[in-house]
Amino acid sequence: MKSIAFLPGDGVGPEVSASAMAVLRKVTERFGIEFAVSSHPIGGAAIDATGEPLPAATLEACLAADAVFLGAVGGPRWDGAFQRPEHGLLALRKAMGVYANIRPLRIFPGLMMASPLRPELVAGVDLVIFRELTGGIYFGAKQEESGFARDECPYHADEIARIAHRAFAGARGRRGRVASVDKANVMATGRLWRRVVSAIHAAHYPDILLEHILVDAMAMHLVRRPADFDVILTENMFGDILSDEASAIAGSIGLAPSASLGDRAGGLFEPVHGSAPDIAGQDKANPIGAILSLAMLLEDGLGLPEPAARIVDAVSQTLADGARTVDLGGNWGCRRMSEAILARI
Ligand code: IPM
Ligand code: MG
C-alpha cells in the first residue's frame, strides 16, 4: 500500500489539504486503491507545537512516505519568530532532494474571462515552468545585521544540468520548445546557467528548439504573448516570481498546482499559492490548486495516471458548469467547491 504524508501547514493550508484528502478518499472508493495516510505539522503550526518549523518527526515521516502533500506555510503571526515557517518548507525540499519544481499552466473552459488578459491573448495558452528548487539565492549564505544584509546566489554546473535535463525531456513530450530564463547580462550565475543549458541542449536535445530570454523581458513576454511559450526553464527565485505571474493568466493563483521531484520516486506536491492569512478559516479558499496537486501526486509521484485524469476532468467539468470561488469572481466556499468536484469524480 502506498503511503502519503500530509502536511497541512498554516493559513488556508489545512482547509485546502482537507479538500485534497477528501478527493483521495473518493479515489479509494471509485478505484479501489487504498492509501496509508498520515498527517504532520510543518511551518508556523510546527513552531507553535514544537518550537521548530520542520520537526525531526515530520522530516522522518516525509522521507519514509511514498509521496508528500503540503498545504501552505507562513503568516504574519510568526514574523518575529526565531526561525520562520518558510524555513521548514525550504529545509524539507532540500532534505527530500526535490530539485525540479514543475508548475503547469492550463486554461480551463469558461475561465477565459477570469484572466486579467484579453481573451485573444489567453486562447491557446499551455505552458509549464520548470523551476530549479534546491539551489541559488534561497540556499546561499545569508548575513543579516541592523544596517546591512546579504544573500548569496551560488549555483554549481551540475545543479543547472539536472533541471535542464528535466525541462528538455519534458519539452519532448510537449511542443518541443524550451525558453531558458536567466539574468546573464548582470549575474555570473546567469552566464553559467546559459552556458550549461546550451551545452546540454547541443549534446543531447538538438531536436528541441531552445531560446535564452532575460528574466525582465520574460516577465513582459508572459503578459504580451503567453501562448508562444511551451516549457520555461529557470532558476529558483526567477521561477518563484514568474510562476505567480503565470498563474494569474489562468484566472487565479488558487488554481495552480505544482510537483517537486528529485531522482528518487515520489516527491513533494503543493499548490502554488501561499497561506493567504487574510482569508484563513473563513471557508473562502479555492481548493482547486490543492486538488490538482493531489492529481499530480497520484500521476507523477505514485504512477497512477487514471485517477489523476479523472480528478482533472472533474475539476474541468465543475468549472465548466459555472462553479466559482471568491478568487474567480463568485461566492462559492472551499467546501462547496470541493463537494462539487467530488460529485464529479
Ligand atoms: C512557493 C512559495 C515558497 C517559495 C515560499 C512559501 C517559501 O512562494 O512555493 O512559490 O518561495 O518557494
Ligand atoms: Mg511563490
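The shell around ligand 1 consists, by class, of five charged residues and one nonpolar residue, with no polar residue. The model is predicted. The shell residues are Glu86, Arg93, Arg103, Arg131, Tyr138 and Asp240. Tyr counts as nonpolar in this classification, while Asp, Glu and Arg count as charged.

Among the shell residues, Arg103, Arg131 and Tyr138 each place a polar side-chain atom at a listed distance from an oxygen atom of ligand 1. These pairs fall under the cut-off for a polar contact, which is 3.5 Å between N or O atoms.

| Residue | Atom of the residue | Atom of ligand 1 | Distance |
|---|---|---|---|
| Arg103 | polar side-chain atom | oxygen | 2.8 Å |
| Arg131 | side-chain N or O | oxygen | 2.8 Å |
| Tyr138 | polar side-chain atom | oxygen | 2.6 Å |

The protein buries 80% of the 320 Å² that ligand 1 exposes when taken alone. As for its location, ligand 1 sits in the largest pocket.

The protein itself is divided by the domain assignment into domain 1, made of residues 1-97 and 261-345, and domain 2, made of residues 116-249. Domain 1 is thus given as two segments of the sequence, and domain 2 as one. Taken over C-alpha atoms, the centres of domain 1 and domain 2 are 25 Å apart. Where the domains meet, seven residues of domain 1 are in contact with eight residues of domain 2.

Definitions and conventions: Residues numbered from 1 in each chain as written. Chains lettered and ligands numbered in written order. Predicted model: local features only at pLDDT ≥ 70, side-chain atom pairs only at ≥ 80, totals over all residues. Heavy atoms only, no water. Near = heavy atom within 4 Å. Polar contact = N/O pair within 3.5 Å; in protein donor to acceptor, adjacent residues only side chain to side chain. Areas by Shrake-Rupley, 256 points an atom, 1.4 Å probe, with all protein chains shown as cover. 1 Å grid on protein atoms, 1.4 Å probe; cavity = no way out; pocket = protein on both sides within 12 Å on 5 of 7 lines; lining within 4 Å. Sits in = over half its atoms within 2 Å of the grid points. Domains from an automatic or database assignment. Contact = heavy atoms within 4.5 Å.
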